[in-house]
Amino acid sequence: MQQSPKTIKLTDFEKDVCEGLRDFPKHLSSKYFYDETGDELFQKIMGMPTYYLTQAEYKILNHHKVEIAEMFSSKGPFELIELGAGDGKKTKVLLEELCEQQSDFTYIPIDISENSLEQLTNSVTYELPQVNIDGFQGTYFEALKKLGNRNQKRKIILFLGSNIGNLKHNQAIDFLSEIRQLMQPNDILFLGADQKKNPQTILDAYNDKEGITAQFNKNILHRINKELDANFDLDKFLHWENYDPENGTAKSYLVSKEDQIVYLEKLNLTIHLKAWETIHTEISQKYDDDMVHWLGKEARLTIHRIFSDGKEAFKDYVFTF
Ligand SMILES: C[S@@+](CC[C@H](N)C(=O)[O-])C[C@H]1O[C@@H](n2cnc3c(N)ncnc32)[C@H](O)[C@@H]1O
């Protein structure tokens with residue numbers, strides 16, 4: 001019998017963990033991977049050759065930086081808003097080029113991870129002191145709400161790294177519709193989307209031999225242990241990746257290797273996991289042009305331009321309306 005949480009006013013993290021672990025099948029949101037340890041592990045993942053996404057998008061941005069920067073600045077001053085900015089390594093290519101072209105803009109990185117945002121702000125301030133940076137810590141939805149109330153300045157919205165793939169199609173449509181509502185004529189949404197490809201390449205990207213992705217996936221349990229005084233034994237879980245080439249959906253799971261009971265003291269919550277029961281932790285959707293076109297159409301957005309890495313492994317889509 002599972003107990004109810006004793007806390008009445010729960011944080012979003014506590015509420016989501018509580019709901020996700022009491023649900024069937026169990027699930028936890030990938031947005032909670034990113035604490036200091038998670039940020040570090042993700043940076044390691046981005047450096048691995050099997051995680052082709054980062055290199056492919058870097059190549060696109062680097063190769064087309066002049067054209068992209070000109071497109072961003074062609075209609076005057078703007079706010080460059082980046083959703084889920086992470087370490088901003090790829091974005092810095094564009095920031096440098098925008099500075100080179102003496103564009104008039106403010107860079108507004110948004111990230112749920114306070115640590116990521118602080119590091120990014122410090123590194124941009126140090127490496128590109130001429131960039132006016134004004135970051136915001138929070139979720140995508142909180143950020144969009146805040147931006148909606150802010151001003152009518154021209155907006156270029158960056159959503160790189162195929163972060164959109166962490167959302168199910170209905171969530172992605174809601175999200176894109178919210179972005180669409182924020183946009184004025186001349187605003188742009190610049191969206192990175194990982195493409196359908198050889199299923200093995202995709203599986204390898206999320207299942208490296210070194211076990212870094214496994215550590216990243218398990219970090220969510222480590223974080224629950226740390227922040228909610230829980231006693232998950234990480235060795236009793238298996239990182240499992242699954243890719244369905246029919247619908248283009250990759251899914252990450254933590255699989256319980258044995259029958260076990262876990263106690264989350266801060267929530268006064270006892271969780272029972274049966275042997276081989278799963279906790280679903282992440283979805284990484286893969287796309288093709290038709291799928292991206294459909295998502296955009298549902299959100300009343302139009303694809304204006306597509307940039308590819310040359311191998312069709314990854315694409316950046318420019319949306320207007
Ligand atoms: C996969 S990383 C990609 C980072 C960067 N966009 C890139 O392409 O390298 C995802 C980033 O988005 C942030 N993030 C994840 N879910 C989020 C959410 N719901 N709201 C705001 N930020 C989020 C994470 O903290 C992390 O820095």
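A search of the whole structure, a predicted model, finds 12 salt bridges. Three of the pairs and one network are described here, followed by the interface between the two domains.

In one pair, the side chains of Glu57 and Lys90 meet at 2.7 Å, N to O. Glu57 belongs to helix H3 (residues 52-63), whereas Lys90 sits in the loop between strand S2 (78-83) and helix H5 (91-100), so the salt bridge ties together parts that are 33 residues apart in sequence. Both partners fall under the 20% limit for buried residues: Glu57 is buried, with a relative accessible area of 0%, and Lys90 is buried at 11%.

A salt bridge also joins Arg305 to Glu67, with the closest N and O atoms 2.7 Å apart. This pair links distant parts of the chain, as Arg305 lies in strand S13 (residues 302-308) and Glu67 in helix H4 (residues 65-73), 238 residues apart. Arg305 counts as partly exposed, at 29% relative accessibility. Glu67 is likewise partly exposed, with a relative accessible area of 35%.

The salt bridge between Glu227 and Arg223 has an N to O distance of 2.9 Å. Here both residues lie in helix H10 (residues 212-228), 4 residues apart, or about one turn of the helix. Glu227 is partly exposed, its relative accessible area being 29%, whereas Arg223 counts as buried at 13%. In addition, a network of salt bridges links Asp194, Lys197 and Lys286.

The domain assignment of the protein chain divides it into domain 1 (12-32 + 201-285) and domain 2 (64-195 + 288-320). The contact between them takes 9 residues from domain 1 and 11 residues from domain 2. Taken over C-alpha atoms, the centres of domain 1 and domain 2 are separated by 29 Å.

The size of an interface is often given as the accessible area lost when the parts come together. Between domain 1 and domain 2 the buried area is about 720 Å², and carbon and sulfur atoms give 50% of this area. On the side of domain 1, Lys31, Ile283 and Gln285 supply 66% of the area buried against domain 2, more than any other three residues.

Between domain 1 and domain 2 the count is 0 salt bridges. Polar contacts across this interface number 3 residue pairs, with both residues at pLDDT 80 or more. Strand S12 (residues 278-285) gives the most to the side of domain 1 that touches domain 2, contributing 4 residues. By class, that side of domain 1 has 2 nonpolar, 4 polar and 3 charged residues.

Definitions and conventions: Residues numbered from 1 in each chain as written. Predicted model: local features only at pLDDT ≥ 70, side-chain atom pairs only at ≥ 80, totals over all residues. Heavy atoms only, no water. Domains from an automatic or database assignment. Contact = heavy atoms within 4.5 Å. Buried area = accessible area lost by both parts, 1.4 Å probe. Salt bridge = Lys/Arg side-chain N within 4 Å of Asp/Glu carboxyl O. Polar contact = N/O pair within 3.5 Å; in protein donor to acceptor, adjacent residues only side chain to side chain. Helix = DSSP H or I, 4+ residues; strand = E, 2+ residues; numbered from the N terminus. Nonpolar A, V, L, I, M, F, W, Y, C, P; charged D, E, K, R; others polar. Buried < 20%, exposed > 50% of the residue type's maximum accessible area, 1.4 Å probe, protein only.
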